[in-house]
Amino acid sequence: MNSVANKVAVVGSGISGAVCASILARNGVSVTIFESARGPGGRMSQRREVTEEGRELVFDHGAPYFSVSNAEVWDLVREWESRGLVAEWDENFGAFDCISHKFLGIQQEGLTKKYVGVPGMNAICRALCQETGVESKFGVGVGRLEWLEDENLWSLMGLDGQNLGQFQGVVASDKNIVSPRFTNVTGRAPPLDMNLVPGMAVKLQDIPVIPCFALMIAFAEPLSAIPTKGFRVVNSEVLSWACCDSSKPGRSATSERWVLHSTVEYANGIIAQTGLVKPSEATLKKVAEELFHELQSTGLDISQPFFKRAHRWGSAFPGTSIAREEKCLWEKNKRLAICGDFCVSPNIEGAIVSGIAAASKLSSCW
């Protein structure tokens, strides 16, 4: 390989992009990850908050855990487990019915093994982004991908117009790279011109997404009235999920920290009022109050938290799978792979499977 031919750009450092980058690097490909956020993880990221008293709190405010059924993913998870990057979250789980005000099916909900990153969900992505052969550039958003026909290379430009370099191949693990939502939020055209990849255009044109608001709360004392560490909420128009984040392996137990997720309907209602721009503090405060009030209305003995903050996931959760059989989208002539949970299944395992598939496609080029 020459100095250019073995260079691949990976756009996005969520689990799909991070897995793909790691596998490529182990196969001798030089990889550069571009991530607009300050750190890796996507919806597996970890949120750090500081209270008014200066107390630091951490929350897995996106995906609470993941489960595994795919053989290739099992191999990776066993390796991550041996490295101390993941552990099983072995607790009671259930469902709470807001009509009967009772917990249901606690045993059944806990039958599937649930895994978490240690000490946070982002630990896996962070480790993969630091592996030999992977260069990670955080806080660098990709504004444009241009195909240089004469050079048979990709040229990447930053959101600020900066030249990010030329690459033999590109992996896009962020669906917003082609989404009209990118335009709605930034006012700019999506980074990838669909005319360059007409074969992908139909599938990528408008991937539906499921919005969600997350509420991070911390209590001085355990919520002893709740018999599980995670539960689905049924028959609620506001809440869909709640879990005790501090009960996960490797977490600090100096306070009891919970994460609540809203229903899709509730999130859509808020977004219909405020639009897709970054939510104001007033909006987030209103959401925090409403989500917490719904938890209190369950009739459970819920004390007042000493910390409470909401976060909006506007487009992190895909509403469809566009490449179930292929596991990723692949344009061989231009060495472009598009991967993510929106390709296989809308969960962490689906994202990993898609990242593995994208790495296989790129690796076969050399």
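Helices here are DSSP runs of H or I with at least four residues, numbered from the N terminus. The model is predicted.

**Exercise 1. Place serine 354 and describe its surroundings.**

Task: In which helix is serine 354, is serine 354 buried or exposed, and which residues does serine 354 touch?

Solution.
- Step 1: Find the element. Serine 354 lies in helix 9, which spans residues 348–363.
- Step 2: Check accessibility. The relative accessible area of serine 354 is 0%. The cut-off for buried is under 20%, so serine 354 is buried.
- Step 3: List the contacts, leaving out residues up to four places away in sequence. Serine 354 touches Ser16, Lys327, Cys328, Cys339, Gly340, Cys343 and Val344.

**Exercise 2. Describe the packing of helix 2 against helix 9.**

Task: At what angle do the axes of helix 2 and helix 9 cross, and which residues make the contact?

Solution.
- Step 1: Take the axes. Those of helix 2 (residues 71–82) and helix 9 come within 10 Å and cross at roughly 100 degrees.
- Step 2: Classify the angle. The range 65 to 115 degrees counts as roughly perpendicular, and helix 2 and helix 9 are therefore roughly perpendicular to each other.
- Step 3: Name the residues. Helix 2 contributes Glu72, Val73, Leu76 and Trp80; helix 9 contributes Glu349, Ile352, Val353 and Ile356.
- Step 4: Sort by class. The contact has six nonpolar and two charged residues, and no polar ones.

**Exercise 3. Lay out the open sheet.**

Task: In what order do the three strands of the open sheet run, and which strands stand at the edges?

Solution.
- Step 1: Read the order. The three strands run 10-11-12, with antiparallel pairing.
- Step 2: Find the edges. Strand 10 (142–148) and strand 12 (163–167) each have a single partner strand, so one side of each has no neighbour in the sheet.
- Step 3: Give the turn. Neighbouring strands are turned by 20 degrees against each other on average, direction ignored.
- Step 4: Look at one pair. Strand 11 (residues 153–158) and strand 12 are joined by four bridges in the antiparallel sense. Methionine 157 stands opposite asparagine 163 of strand 12.

**Exercise 4. Check the cysteines.**

Task: How many disulfides does a search of the whole structure find, and how far is the nearest cysteine sulfur from cysteine 20 and from cysteine 343?

Solution.
- Step 1: Count. The search finds zero disulfides.
- Step 2: Take cysteine 20. The nearest cysteine sulfur belongs to cysteine 339, 5.2 Å away. A disulfide needs sulfur atoms within 2.5 Å, and cysteine 20 is in none.
- Step 3: Take cysteine 343. The nearest cysteine sulfur is that of cysteine 328, at 6.6 Å, and cysteine 343 is in no disulfide.
- Step 4: Add accessibility. Cysteine 20 is buried at 0%. Cysteine 343 is buried, with a relative accessible area of 0%.

Methods: Residues numbered from 1 in each chain as written. Predicted model: local features only at pLDDT ≥ 70, side-chain atom pairs only at ≥ 80, totals over all residues. Heavy atoms only, no water. Helix = DSSP H or I, 4+ residues; strand = E, 2+ residues; numbered from the N terminus. Buried < 20%, exposed > 50% of the residue type's maximum accessible area, 1.4 Å probe, protein only. Contact = heavy atoms within 4.5 Å. Axes fitted to C-alpha atoms, helices over the stretch in contact; angles between N-to-C directions. Parallel < 35°, antiparallel > 145°, perpendicular 65-115°, else oblique. Nonpolar A, V, L, I, M, F, W, Y, C, P; charged D, E, K, R; others polar. Pairing = 2+ DSSP bridges.
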